[in-house]
4 protein chains.
Amino acid sequence: MVKVGIIGATGYAGKELVNILAGHEKVKISYLASHSYQGMIYSDVYPSFYGIEDDELKEDDIVKAANESDVIFLTLPHSLSSQLVTKEIIKDKIVIDLGADFRLKDKNVYEAWYKCEHKGESLLNEAVYGLPEIHREEIKKAHLIANPGCYTTCSILTLYPLVKNHLIKTESIIIDAKSGVSGAGRGAKIDNIFCEVNESVKAYSVTTHRHTPEIEQELSYAAGNDIKLTFTPHLIPMQRGILATCYASLISGVTEKDIKMAYEEAYNNEVFVRLTPYLPQTRFTKGTNFVDISFKVDERTGRIVAIGALDNLIKGAAGQAVENMNIALGYDESLSLKRIALI
Amino acid sequence: MVKVGIIGATGYAGKELVNILAGHEKVKISYLASHSYQGMIYSDVYPSFYGIEDDELKEDDIVKAANESDVIFLTLPHSLSSQLVTKEIIKDKIVIDLGADFRLKDKNVYEAWYKCEHKGESLLNEAVYGLPEIHREEIKKAHLIANPGCYTTCSILTLYPLVKNHLIKTESIIIDAKSGVSGAGRGAKIDNIFCEVNESVKAYSVTTHRHTPEIEQELSYAAGNDIKLTFTPHLIPMQRGILATCYASLISGVTEKDIKMAYEEAYNNEVFVRLTPYLPQTRFTKGTNFVDISFKVDERTGRIVAIGALDNLIKGAAGQAVENMNIALGYDESLSLKRIALI
Amino acid sequence: MVKVGIIGATGYAGKELVNILAGHEKVKISYLASHSYQGMIYSDVYPSFYGIEDDELKEDDIVKAANESDVIFLTLPHSLSSQLVTKEIIKDKIVIDLGADFRLKDKNVYEAWYKCEHKGESLLNEAVYGLPEIHREEIKKAHLIANPGCYTTCSILTLYPLVKNHLIKTESIIIDAKSGVSGAGRGAKIDNIFCEVNESVKAYSVTTHRHTPEIEQELSYAAGNDIKLTFTPHLIPMQRGILATCYASLISGVTEKDIKMAYEEAYNNEVFVRLTPYLPQTRFTKGTNFVDISFKVDERTGRIVAIGALDNLIKGAAGQAVENMNIALGYDESLSLKRIALI
Amino acid sequence: MVKVGIIGATGYAGKELVNILAGHEKVKISYLASHSYQGMIYSDVYPSFYGIEDDELKEDDIVKAANESDVIFLTLPHSLSSQLVTKEIIKDKIVIDLGADFRLKDKNVYEAWYKCEHKGESLLNEAVYGLPEIHREEIKKAHLIANPGCYTTCSILTLYPLVKNHLIKTESIIIDAKSGVSGAGRGAKIDNIFCEVNESVKAYSVTTHRHTPEIEQELSYAAGNDIKLTFTPHLIPMQRGILATCYASLISGVTEKDIKMAYEEAYNNEVFVRLTPYLPQTRFTKGTNFVDISFKVDERTGRIVAIGALDNLIKGAAGQAVENMNIALGYDESLSLKRIALI
């Protein structure tokens, strides 16, 4: 059994990791750490784990975690992982960081969007962007994996075949995304309480959301040119799920058939991307590692409307992190990830 | 007291009309009709009206309604009102149609989007598009008022000052709208049941929603040129509310100050449009006749993101219908419409 | 215009007071105070009030409030009002306390359930329990009104006619109550955040909820003997509303007709109690000052199941407080309270 | 691989069966039938199964199903299974009926509560009540298993140790249960649509719910005397989950320790019953086969309040059905049922 540690095990993504890893046939959880709940029993924080994971939460110390683990998952506020991870640690161990610190290749872009200094620059070259559908070969050999953000995974996978195959005008891309409330984390903030969120919709971080440069980086890489796009996230009164409605103008002459072929070429061999005959709904992916993608061409305006859906805590976080671990360890990519949406 | 009749009183918009009109100091409800529930007591259909509106529902016959009313509200499936309303009726009475039949000036456009013949062409010229912020002077004299759709009211009012003042490239307009489930009506369809809607988001009628030509008509009228745009509605797990996130490329040289001035010029004297310092959330308008509007400029891409929010059943339907009645009868426009959102 | 002050205007009950009083034709809000948000603009705390109530929040000082007001509403954590209110203040002014401090006539009972000393004992005799259906005559002359709790209003009104008319065995009473999340207040606690509340039900404060002695006091008073009962509150994933399902064994020989007559005698002249032919649902009372009550006799077990529903923030708090003010000032009891549930 | 058929595969319980059985390592789904959707592809009815279960739905013919299956699950409206199942079929095959027809041992009780004739009386003796915690030994040898109802499973398991050990006065039992909307099935009824269910609570079938005699039968069996109790179900605005709050008067002298011991004796070896140190919440069991149970003693009134929680579609239906299959086939009881609640 491979030993895995989780630092930041009591946030929603951390909890989802424990859920998935507790049922993983080749894995044993060896180190569970939490900054806020250190010393508490895990099932006292999350009673759904009563009788399943009743260990005590340890110190959020990556060296101690590394001593007891082969793989370490980090789910930390930004700027922390880049201070914790060292070359020493990733020599022998695999670190999978669910935070933002190693996702952006350009330190300056990171500092501009995150408004803070990046303290782990020397590791940026080691880090592999953990989106298996695009970077699987690199992930196989990686020791430091930057697990993509939730909005980013959904947006990139929905747009990737269009951009890579030069089917759309890249300066016309607009992504209007909708997320469930778990995306806001488990913080005790008034903005998160039931009566302030339920029965309402809002946009937030308009023009300034930090997933924007991450999407731009990967799509630019696919296109071979620099892309700037508009990304607007919205908060939806539901617990989990992201829907990304993506708009772009088609390049003249591109047909629906071209688009269909591009998607099929990109994803026909992918186990977790479903090109669906129906328009995606987040509930069809809830609790699973699937991304559902579909599209419509608007002949009147020459645009494509491409829609992707996923579970922000699974394919958008913990599921993809375990998928990355499976790849890096040479396991079947879908180990412990074969789930079907409940309702 | 002015006598009012409602044909189609048992749908959600009809119910909202009864709610607002029951508290209107200058109005007496004289005729309540329903196709599906004729003969039943109103409060047996909607128990919240127990002790308040316990009358029997009558036949959905516009002539009988006209005999007993000065103002008649129609909330009917499309293609019905255009068969019911006659020149005879609107000679003496005021008809306010909450359906689609008299909204589009061009019969051909109607028939292309609604896939059926328009049978009341002769009345199209009589009909006034009932959006007070744009057509108030015409509404004052109107006898046939086409009450705008819910998505349309929100979308048009959010974009109107931008289009009218030539601040955006009109070919770049994209509207991504989110609606509560009451917008789907009170039909007993599996798609509407709780377990199929809750905890999920989906887009629907992508590229084909019938509110599209209505938005295009009014914005084209404001711009002075023909506009084609992309409109995508989404279903949100909440009861009421619409948020329209509108995207457009700014015309070169346009500043944030220009935009602000255009909005203020258009709406500073409007009682039901609020230019809010905060980003709109549907809950701030719930149960009210307000439209809240705000915007952000995305310097990186040269776009504006303008966001409008309203209650689809009030400003998006019954509230605006009563507002139109108030205007047409020469009353204070906000009679019975001064409400504050509950939560 | 009567001048009213609100101390604690930014909790959910306070907000509801502002909502109702802002539309009250005989009232002017003269003093809005908040401990947490002093100095802020009201509509910055609650954007739904933008353009309606944009005053600055003042110090939560009851003397200052009294200087500028004829009526003062208090919505404070328990033990505070009893320290603030003085004989001096209630000589000229009317104080309506939405908290618990003046509800229980017996200081010892208060201290046993609230685990703290009661510091306003000398005023307990002045205080009138503000449940108009039972204490209207006293309220007319009161200067210190203890506004009942939300669960209590619903439970007492549902059981009162049964107890008063000796139709049930009082030792058999069990109240199983269900409340929306606004009942938990606007605190930034993890227990209140959307993802911890939504899609779940739980009981809480089992056998220890502080509304228990309040229900017992009023029912004992009605019965003429000492009553002890079991009260269990539950949290429901909705914003507002309380449903109280009340169980009791019928006294031998009592018929359904006896029960019906008792309810009608008690409530037929009440404007805010509806004896409904249908089983109550909280949504039929949402946003209104109504209590809906109905019952079933279980012949097999000799029990009655009586069910009451109300809006915890209206009849369960702010609405009833304004109703009390209307009574104390000699106004029509329903001024500013004639609302119909929205959906 | 054991071949399993499902008749009634498109209701919510049927869907849950497909979900669980699709991941069962010793099972192959051989026959999927639906009355309403015969001829359709399964994933067209439930798109979440796209790429997982894309078979065509067959005729709901039990003989055909039996020809292709070793185990047949039935999820049908009441009165149908008792007409379909024959001695012939259950000679070789195992039939697990998720409906009501074989649950009540007394035909007369069935006919009194279900208001229809029972047409399979001769099989009532063959049928085993499929509650493993009580009837495991019989289930091992059963060929016709009557899978318990959702409310019943929760109520019986919560009260069973109290009744069996004579700790409570059995004539005092009251069960106040709360269920998510999936319990109402997937019917296209107005009562089920989002806007009629959301943001509200109601009781229904007060004194008449058909799960009452089922609970009474099993508790009477445990107590050794005839029990009549009051059962009141409520509808909660959530998708899944049942919470049963059970009240009873303690027999004089019974202590909290006695109660604790009774629960531990009954359930300490049970894999799916958790005696929790916290009060149960339905979300802790969502998507799992667990029943969580806890209790409080109310010293003031001499009552116990015992609370149980489960997922109505898993332990309350499909999960327990698969558990029964596992037992009857001699498999590990928890095969394909080791899940942890998602949030």
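**Interface of chains A and D, and a sheet of chain B**

Across the interface of chain A and chain D of this predicted model, 16 residue pairs, both members at pLDDT 80 or more, are in polar contact (a pair of N or O atoms within 3.5 Å, of which, within protein, one must be able to donate a hydrogen and the other to accept it, residues adjacent in sequence counting only if both atoms are side-chain atoms). The number of salt bridges between chain A and chain D is zero, a salt bridge being a side-chain nitrogen of Lys or Arg within 4 Å of a carboxyl oxygen of Asp or Glu. The model is a predicted one, in which local features need pLDDT of at least 70 and side-chain atom pairs count only at pLDDT 80 or more, whereas totals for chains, interfaces and linings use all residues. Residues are numbered from 1 along each chain as its sequence is written, chains are lettered from A and ligands numbered from 1 in the order in which they are written, and side-chain values use heavy atoms, with hydrogens and water left out.

The contact (heavy atoms within 4.5 Å) takes 30 residues from chain A and 30 residues from chain D. The area buried between chain A and chain D is about 2,700 Å², with carbon and sulfur atoms giving 64%; this is the accessible area (1.4 Å probe) that two parts lose on being put together, summed over both. In chain A, the residues that lose the most area to chain D are A:I340, A:L342 and A:I343, together 28% of what that side buries.

A rotation of 180° with 0.0 Å of shift along its axis superposes chain A on chain D with an RMSD of 0.0 Å (least squares on the C-alpha atoms of residues with pLDDT of at least 70 in both), which is the relation of a two-fold axis.

In chain B, seven strands (DSSP runs of E, at least two residues, numbered from the N terminus) form an open sheet of mixed pairing in the order β8-β9-β7-β10-β13-β12-β11, where two strands pair if DSSP finds at least two bridges between them.

Notes:
Helix = DSSP H or I, 4+ residues; strand = E, 2+ residues; numbered from the N terminus.
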